[in-house]
Amino acid sequence: MLGGVEAGFVYQRDGHPNADVLAEKCRRLHGAAHAAVTSSGMSALSLAMLAFLKPGDHVLLSSRLYGKTVSLVGQEGSRWGIVTTQVDMLDPARVQQAVTPRTRMIIVETISNPTLQVVDIGALAAVGKAAGALLLVDNTFASPAVCQPLKLGADLVLESLTKIMNGHSDVVLGLLCGSQSVDWTRVPGVLGCWGMTSCPWACWVCERGLMTLPVRLQAACRTAAEVATGLRNHPQLRGIDYPGLEGHPQHRIARNQFLPAGDPMFGHVVTFHLKGGLQAATRWMAELEGIEYCTSLGEAATTLSHPASSSHRACTAGELSAAGIDGGTIRLSAGLESPEFVLESLKLALARLD
Ligand SMILES: *Cc1c(COP(=O)(O)O)cnc(C)c1O
């Protein structure tokens, strides 16, 4: 087995059956040719960099990315000779203009955090293909129940399994999937060498979480949609971001890309912007009964987070306003309570702000 003659497992760090079973299930969910499970979402991104990039390569980063993604590829990557440019991926023509002869990867999120913009994956895949660059899509806010980026032309898809995929906030795990067009030969060796291997117990727990993914997603997306619709014109709010609302700037793209085709779900996350800023946001969260504050997302319970003081706390005032966030911005991750309960709870607490 150590010589690679016979298949099997020798040492947990180089691979174990629970990771393979979980990776195979995720591979099928994404219609992927390849899949690997790693110790976290961040290590899945490290794996993509270490397996597919080399010093001197240029990477295009979306201007709306998970903060640690920018830290990893931008800051850490620069120590290893990776050059990055941030670009607004809502406009594929601008991405095209930012391509250089050394561009080897384009990194984007299906649904961005926290203002929930939706990119045109097919159009970005075309730009990547013409440039000879891999399109890597972080699909954490969607999951394969809502979007399958590889089927839309992406080369690599990443999930933080920690979130809605596992769905019970009790493990940290990541996933990297690749399409048929990707040369996967380096991946297993890189994963073991750099020690990014997952915990077998966590894989077993996540496999159990995945069994209920479709029903959890249906329930959570329905609640998110009802909350977005129910609070759309609320006098305490200056706006709501939800791709399922007709007025959302990329509603049409979301409708075309999201699943089930024809009658799609639009995700389990909704973002509110309170007119009263930080003060109103603080009071709203304090007044809420039955919905807890939590910076993560994709749990069995509905949770709220406050981007300006958590995920985006390192941003300057200018960066915050460019991202469409202020102290009154609150992100909701719908869980499995009834939509009526969640909506009522939010409304009651909003009424106390008057
Ligand atoms: C949480 C998250 C990650 C990182 O995943 P971990 O499992 O926490 O390492 C990456 N991208 C997005 C969009 C996330 O929400």
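**Exercise 1. Locate Pro 260 and describe the peptide bond that precedes this residue.**

Solution. Step 1: Pro 260 is found in the loop between α9 (251-257) and β9 (269-274). The model under study is a predicted one.
Step 2: The bond joining Leu 259 and Pro 260 is a cis peptide bond, with omega about -5°.

**Exercise 2. Examine the loop between β4 and α5, where Pro 114 has its place, and describe its backbone.**

Solution. Step 1: From Asn 113 to Pro 114 the peptide bond is cis, and omega is near -5°.
Step 2: Leu 116 also has its place in the loop between β4 and α5. Although Leu 116 is not a glycine, its phi is positive, at about 60°.

**Exercise 3. Determine the strand order of the sheet of seven strands and identify its edges.**

Solution. Step 1: The seven strands form an open sheet of mixed pairing, and the order is β1-β7-β6-β5-β4-β2-β3.
Step 2: The edges are occupied by β1 (34-38) and β3 (83-87); each has a single partner strand, so one side of each is left without a neighbour in the sheet.
Step 3: From one strand to the next, the twist averages 20°.
Step 4: For the pairing, recall that strands of a sheet pair through backbone hydrogen bonds, either parallel or antiparallel. Strand β2 (residues 58-62) pairs with strand β4 (residues 103-109) in the parallel sense, over four bridges. Within this pair, Leu 60 has Ile 106 of β4 as its bridge partner.
Step 5: Helix α5 (residues 121-131) packs on the sheet and touches β4 and β5 (134-138). The direction of α5 makes about 170° with that of β4.

**Exercise 4. Carry out the corresponding analysis for the sheet of five strands.**

Solution. Step 1: This open sheet follows the order β8-β9-β12-β11-β10, and its pairing is mixed.
Step 2: At the edges stand β8 (237-241) and β10 (292-293); each of them has a single partner strand, so one side of each lacks a neighbour in the sheet.
Step 3: Strand β11 (residues 303-305) and strand β12 (residues 329-333) are paired in the antiparallel sense over three bridges. Thr 303 has Ser 333 in β12 as its bridge partner.

**Exercise 5. Describe the surroundings of Glu 337, including any polar contact of its side chain.**

Solution. Step 1: Glu 337 has its place in the loop between β12 and α12 (339-351).
Step 2: Leaving aside residues up to four places away in sequence, Glu 337 touches Thr 223, Ala 300, Ala 301, Thr 302 and Val 342.
Step 3: With the side chain of Thr 302, the side chain of Glu 337 makes a polar contact of 2.6 Å.
Step 4: Sequence separation and spatial separation can be set side by side: Glu 337 and Ala 220 are 117 residues apart in sequence, and their C-alpha atoms are 8.3 Å apart in space.

**Exercise 6. Which residues are around the ligand, and which of its atoms lie close to polar side-chain atoms of Asp 138, Thr 162 and Lys 163?**

Solution. Step 1: The residues around the ligand are Ser 40, Gly 41, Met 42, Tyr 66, Asp 138, Thr 140, Phe 141, Ser 160, Thr 162, Lys 163 and Leu 173.
Step 2: By class, this shell has four nonpolar, five polar and two charged residues.
Step 3: A nitrogen atom of the ligand is 2.6 Å from a polar side-chain atom of Asp 138. An N or O atom in the side chain of Thr 162 lies 2.6 Å from an oxygen atom of the ligand. For Lys 163, a polar side-chain atom is 2.8 Å from an oxygen atom of the ligand.
Step 4: On its own, the ligand has 380 Å² of accessible area, of which the protein covers 91%.

Note on methods
Residues numbered from 1 in each chain as written. Predicted model: local features only at pLDDT ≥ 70, side-chain atom pairs only at ≥ 80, totals over all residues. Heavy atoms only, no water. Near = heavy atom within 4 Å. Polar contact = N/O pair within 3.5 Å; in protein donor to acceptor, adjacent residues only side chain to side chain. Areas by Shrake-Rupley, 256 points an atom, 1.4 Å probe, with all protein chains shown as cover. Nonpolar A, V, L, I, M, F, W, Y, C, P; charged D, E, K, R; others polar. Pairing = 2+ DSSP bridges. Helix = DSSP H or I, 4+ residues; strand = E, 2+ residues; numbered from the N terminus. Axes fitted to C-alpha atoms, helices over the stretch in contact; angles between N-to-C directions. Contact = heavy atoms within 4.5 Å.
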